[in-house]
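This briefing concerns a structure that the reader is asked to examine with attention to its backbone, its strand pairing and the meeting of its chains.

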Amino acid sequence: MGSPATVKAALEDLLRHQRLQADGPPLRGEDRWPRPLATGVREIDGLLGGGLPRGQVSEVHGPVSSGRTALAVSVVAQTTRAGALAAWVDPADHFDPTSAAETGVDLARVLWLRGGAPATAGLGRAISVAGTVLGSGLFEVVVLDLVGQAGEARRLPGATWIRLQRLIELQPTALVLLADAHLAHGPSGASVALRAGAARWSGAPGPGRLLSGLELEARSGRQLARAARFALPVSS
Amino acid sequence: MFGALHSVPLPPSPDTLLALAREFTPRVEACGPATVLLDLHGLARAWPRPEALGRALVEAARGRGLTEPRVALAFSRVAARLLAAGREGLTVVSAGQEAQLLAPLPLALLGLEPEKADLFRRWGLRTLGDLAALPAGGLAERLGPEGPRLRRLARGEDDTPLVPALPPECFDCALELDWPVEGLEPLAFLLARVLEPLGLTLASRGRRAAALTLELRLVDGSVHRRTLKTAAPTALPRTWRTLLLLDLESHPPRDAIQAITVRAAPTPAREVQFSLLDPAQPSPERLSETLARLREWTEAGRGGSPALLDTHRPGAFVIETFSPGTFKATAGEPTGAARLGLRVFRPPRPARVSVEGGAPVFVAASGVRGAVADRAGPWRASGDWWDVAWSREEWDVALFEGGLYRIFRDRLRDEWFVEGELD
């Protein structure tokens, strides 16, 4: 160990680095509430003022292949790599661990609840288990994947989303609804509408070609007035 | 003053002498299977005369079925032990008289090593008095520090303290009910009455419960027994009550409950040194409660952490128990960039694919239909030929109607499937 002055300087550097680093993990006892959950997509974070708000129900919706899942997985990646826990409630069992791992998700810190079995089938069970997970206070982000279930989701009582909102409004947890179209969001929750643009292909048509990315447009805010364009690469 | 109780023959069980000695004092030490030492300090009020205490010990031993108990009371541990082993009946030694009473006793009572015993025999030493009479300096020259030590023992001189044997810890709590109860709601209140004192007892001894066994004696005479373990030991009554009630929801007793007994398997309290610079970790108690509430999903294999398998087979993973553990920050390792991933169809959807020039031009499957606007592929992969072989030809296709999909042809069966949507 060096001299006391050297150690003191190194400790102050470390504290300065940790405390001032905006995307550093929240420290023990630190109030995480003011910090929005970064999505990992710079354009989306700029659109949302830093990320998804905590203690709120937010939604990410769009038609097929509009990047909804990619955005949700990116949020989970940011969360788990920072040491927090995430939950993915998946009533239709669509989550792909391989793609998630390539995006940087720490799979050991993800609780994946899969529908598709008799004991776990049905949207009602998924909503109920989402409530259990939200009420535990253990998870920084909970994704409820309702893509492909718009009809059934619309038949849910309106109080469903209010009840889920109430579970997290005093916690630093964000609930993200993935859906085909607008479903619900909390009073201060974000609503991100995604739309696919042109696909990007590498090389000329023929063997050896790859789908390299997809251009996307995101809209948010009152009447979806704010927009951002970006592109996402494709997992291998 | 110390007491020693020696049994000839051996007592029926090793704990017989300890239990007998504990009737007189909690500070007892076992010295082999046949002898137990007692610390008699502080018993003068109950037994003003040592002889009375000695006689009480003898009577108690006979009452426990010991036919020839030998009791000795002395002012050193070794004197009491040797006299109890070497003299029948009751022996009470005044201070300073130990050497005199020990002198005629055989040297074998010291429990010497065979080499030392043989050496002393060749020296002509037969009794403790013979050894005690030798000069300490001469013994030290010939045997090192061991010599004077043995001489002091032969004279009944011993400064070592008594190391008391700790009684086995028992953490259980029972409640006999005046009226049988049925249902979980009344049971919840009763469990609180049982778990609160148990938790306090554990916490006061610096212990936590690694497992809890609940025994419900039912009206029909049977016992409904459930044993639960948590991810981390805890002494919180609320956590255990929640876990027990959740378990009883899926494993209810078949009759009304007459009595409740809860037994804890104790373990030392967990010591964790937190760092100010590490992120907050989930509470193990809350994690256990949450996983217990999700047992319908976890027990069906539909809840947990996914873990990728080390194989080239696409989509190979297992579901492991959700146990995040302590977070280890990997400094400098960048987070992966956001990218389009797969929304997997489980199982893959059988498809009818029209092919021209070896490339798909039209795809029709459940929920997916349209002409192919653009494509990338084919990308071929195969494996596990030694087990359950697989071989596929993958394409990423964009449909005119919208949507990017990954489709593949199973080359072994020559069938097309839609694996998932790129989203």
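The points below are grouped by topic.

The model is predicted. In it, 66 residues of chain A are in contact with 51 residues of chain B. Strand β12 of chain B, residues 342-356, recurs in what follows: β12(B) pairs in the antiparallel sense with β17(B) and with β13(B).

**Contact between chains A and B**

- The contact involves 66 residues on chain A and 51 residues on chain B.
- On the side of chain A that touches chain B, the helices giving two or more residues are α1 (4-20), α3 (68-81), α4 and α5 (123-136). The strands of chain A that do so are β3 (110-114), β6 (191-202), β7 (210-220) and β8 (226-233).
- The most is given by α3(A), with nine residues.
- By residue class, this side of chain A consists of 37 nonpolar, 20 polar and nine charged residues.
- Strand pairing also links the two chains: β3(A) and strand β10 of chain B, residues 303-308, run antiparallel and share two bridges. In this pairing W112(A) stands opposite G304(B), a residue of β10(B).

**Strand β12 of chain B and its partners**

- With β17(B), β12(B) forms an antiparallel pair over six bridges. R343(B) stands opposite E421(B), which is in β17(B).
- With strand β13 of chain B, residues 359-365, β12(B) likewise pairs in the antiparallel sense over six bridges. Here V355(B) is opposite P360(B) of β13(B).
- The hairpin of β12(B) and β13(B) has two residues between the strands, and G357(B) takes a positive phi near 60 degrees in this hairpin.

**Cis peptide bonds**

- The peptide bond from R346(B) to P347(B) is cis, its omega being near -5 degrees. P347(B) belongs to β12(B).
- A cis peptide bond is also present from G377(B) to P378(B), with omega near 5 degrees. P378(B) is placed in strand β14 of chain B, which spans residues 368-383.

**Positive phi outside glycine**

- D93(A) is a residue other than glycine with a positive phi, near 55 degrees. Its position is in the loop between β2 (86-90) and α4 (97-103) of chain A. D93(A) counts as partly exposed because it has 18 C-beta neighbours inside 10 Å, a count below the 20 needed for a buried residue and above the limit of 12 for an exposed one.
- D414(B), also a residue other than glycine, has a positive phi near 55 degrees. The loop that holds D414(B) joins β16 (404-410) and β17 (415-422) of chain B. Because 7 other C-beta atoms lie within 10 Å, D414(B) is exposed.

**Surroundings of L66(B)**

- L66(B) is found in the loop between α2 (50-63) and β4 (68-74) of chain B.
- Since L66(B) has 22 C-beta neighbours inside 10 Å, it counts as buried; the cut-off for that class is 20 or more.
- L66(B) and S7(B) are 59 residues apart along the chain, yet 6.8 Å separates their C-alpha atoms.
- Neighbours within four places in sequence aside, L66(B) is in contact with S7(B), P11(B) and A61(B).

Conventions:
Residues numbered from 1 in each chain as written. Chains lettered and ligands numbered in written order. Predicted model: local features only at pLDDT ≥ 70, side-chain atom pairs only at ≥ 80, totals over all residues. Helix = DSSP H or I, 4+ residues; strand = E, 2+ residues; numbered from the N terminus. Contact = placed C-beta atoms within 7 Å. Nonpolar A, V, L, I, M, F, W, Y, C, P; charged D, E, K, R; others polar. Pairing = 2+ DSSP bridges.
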